[in-house]
Amino acid sequence: MIVLGIESSCDDTSVGIFDSREGLLSNVVSSQIKLHEEWGGVYPELAAREHTKNITSVLDIALKEANKNIKDIDVISATITPGLIVSLVIGSSVAKTLSAVLDKPFVPVHHIEAHIFANFIEKKEDYPFIALVVSGGHTELYLVEEFGKYRLLGKTIDDAVGEAYDKVARILNLGFPGGPIIDKLAKKGTHSIHLPKPLSRKKSEHRFNFSFSGLKTAVLREVEKNKLCKPEDIACSFQETAVEILVEKTLDAVKTFNIKKIVVAGGVSANSRLRERLNEEAKKEGIEVDFPHLSLCTDNGAMVAFAGYKRFLKKQSGYSLLIETKAKIPLEKFEEYINSF
Ligand code: KG4
Ligand code: ZN
């Protein structure tokens, strides 16, 4: 079975093609980073205009790289939530139109589910596991029992960790997106500045929630207070603190629920220090950790095609073209939502 996946939830226009026998055939990503750089973040109207401009050529290149014709595709999937609504509408409308015209099943995909299952495009799944979702818009911990069955353990009560990376990079005038830049710069610095770790109380019932807004504000205060502090030391101190928060809570979750596996997902899963520290700590406890291939950490169509494939297998049919694209549907409610049409 060959599945096409369209991703347009934020600022990347991407199409991936997954073959259940051959694996991933292509994954073409058109990034808008240069365009949004001057705003220091994603500007929604601009993102939508770029998706409209690029989507047909991205689709064309993905088909060519896969050496397939559009008529060879068996299932058409697209991210329908969560994300910027105008951006989501473009990708999902293209998918629904292709589905109607070609008379092929349409499968709606949840962006977070796609990020989590990007881990299994090339590896076998193994349940249950704790999923740590870390991206520009999300910081969440889930207990995953099977594909489609999720229990939310905790989430950020303010900024997402990727957003904090981007904001700290803006404070330090380093460019956008901040994550990869800070990751690199931190290697040259030392953890010499003490920064707060909010919501790290071990016993609290809300201990799986995250908060990164205070950490970002502490960085801002430090930069204003100490004009001579080195950007590399700030980057290193911020990264060490952010990573420790993620590692502590994830380890606490696996121990609390007696789970032996961690799966990391989303753009921040590319972070070198998070990979290092989580692997170190999990190894001590005899827990296995999966990170996606570096090319599959940030937004991409391949993860959408694979999640679309898994969802099609589960239902053994396509979904209604009347399913509405939404800015936000919680992952644990997604299946109920798409089955209600
Ligand atoms: O998953 P993603 O592409 O988009 C969302 O769904 O949000 O994640 C983008 C986020 C950005 O905030 C970016 O700064 C962050 O992932 N990111 C990183 C790294 N690479 C990307 N953060 C830390 N370290 C990295 N190496
Ligand atoms: Zn994402």
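This briefing covers the domains, the ligand site and some backbone features of the structure above. The model is predicted. The protein chain is divided into domain 1 (2–117 + 297–338) and domain 2 (127–291). The shell around ligand 1 takes at least three residues from each of these domains, and the protein covers 89% of the 560 Å² of accessible area that ligand 1 has on its own.

**Domains and their contact**

- Domain 1 is made of two stretches of the chain, 2–117 and 297–338, whereas domain 2 is given as 127–291.
- The C-alpha centres of domain 1 and domain 2 are 27 Å apart.
- Each side brings 22 residues to the contact: 22 from domain 1 and 22 from domain 2.
- The size of an interface is often given as the accessible area lost when the parts come together.
- Between domain 1 and domain 2 the buried area is about 1900 Å², and carbon and sulfur atoms account for 71% of it.
- On the domain 1 side, I116, C297 and E332 supply 29% of the area buried against domain 2, more than any other three residues.

**Ligand 1: the surrounding shell**

- Ligand 1 is surrounded by 20 residues, and the closest are G136, D166, G179, G267 and N271.
- By class, the shell around ligand 1 holds five nonpolar, 12 polar and three charged residues.
- Three elements give two or more residues to this shell: α4 (111–117), α5 (161–171) and α6 (178–186).
- Of the elements, α6 gives the most, with four residues.

**Ligand 1: polar contacts**

- G136 makes its contact through the backbone: an N or O atom there lies 2.8 Å from an oxygen atom of ligand 1.
- D166 uses its side chain, where an N or O atom is 2.8 Å from an oxygen atom of ligand 1.
- S135 also uses its side chain, with a polar atom 3.4 Å from an oxygen atom of ligand 1.
- G136 and D166 are also among the closest residues to ligand 1.

**Backbone features**

- Most residues other than glycine have a negative phi, and most peptide bonds are trans.
- A cis peptide bond joins T81 and P82, with omega at about -20 degrees.
- P82 sits in the loop that runs between β4 (75–81) and α3 (85–102).
- A cis peptide bond also links Y127 to P128, with omega near -5 degrees.
- P128 belongs to the loop between α4 and β6 (129–134).
- N67 is not a glycine, yet its phi is positive, at about 60 degrees.
- The loop between α2 (44–66) and β4 contains N67.

Definitions and conventions
Residues are numbered from 1 along each chain as its sequence is written. Chains are lettered from A and ligands numbered from 1 in the order in which they are written. This is a predicted model: local features need pLDDT of at least 70, side-chain atom pairs count only at pLDDT 80 or more; totals for chains, interfaces and linings use all residues. Side-chain values use heavy atoms; hydrogens and water are left out. A residue is near a molecule or strand if one of its heavy atoms lies within 4 Å of it. A polar contact is a pair of N or O atoms within 3.5 Å; within protein, one must be able to donate a hydrogen and the other to accept it, and residues adjacent in sequence count only if both atoms are side-chain atoms. Accessible areas come from the Shrake-Rupley method with a 1.4 Å probe; for residues, only the protein chains shown count as cover. Ala, Val, Leu, Ile, Met, Phe, Trp, Tyr, Cys and Pro count as nonpolar, Asp, Glu, Lys and Arg as charged, and the others, Gly among them, as polar. Domain bounds come from an automatic or database domain assignment. Contact means heavy atoms within 4.5 Å. Buried area is the accessible area (1.4 Å probe) that two parts lose on being put together, summed over both.
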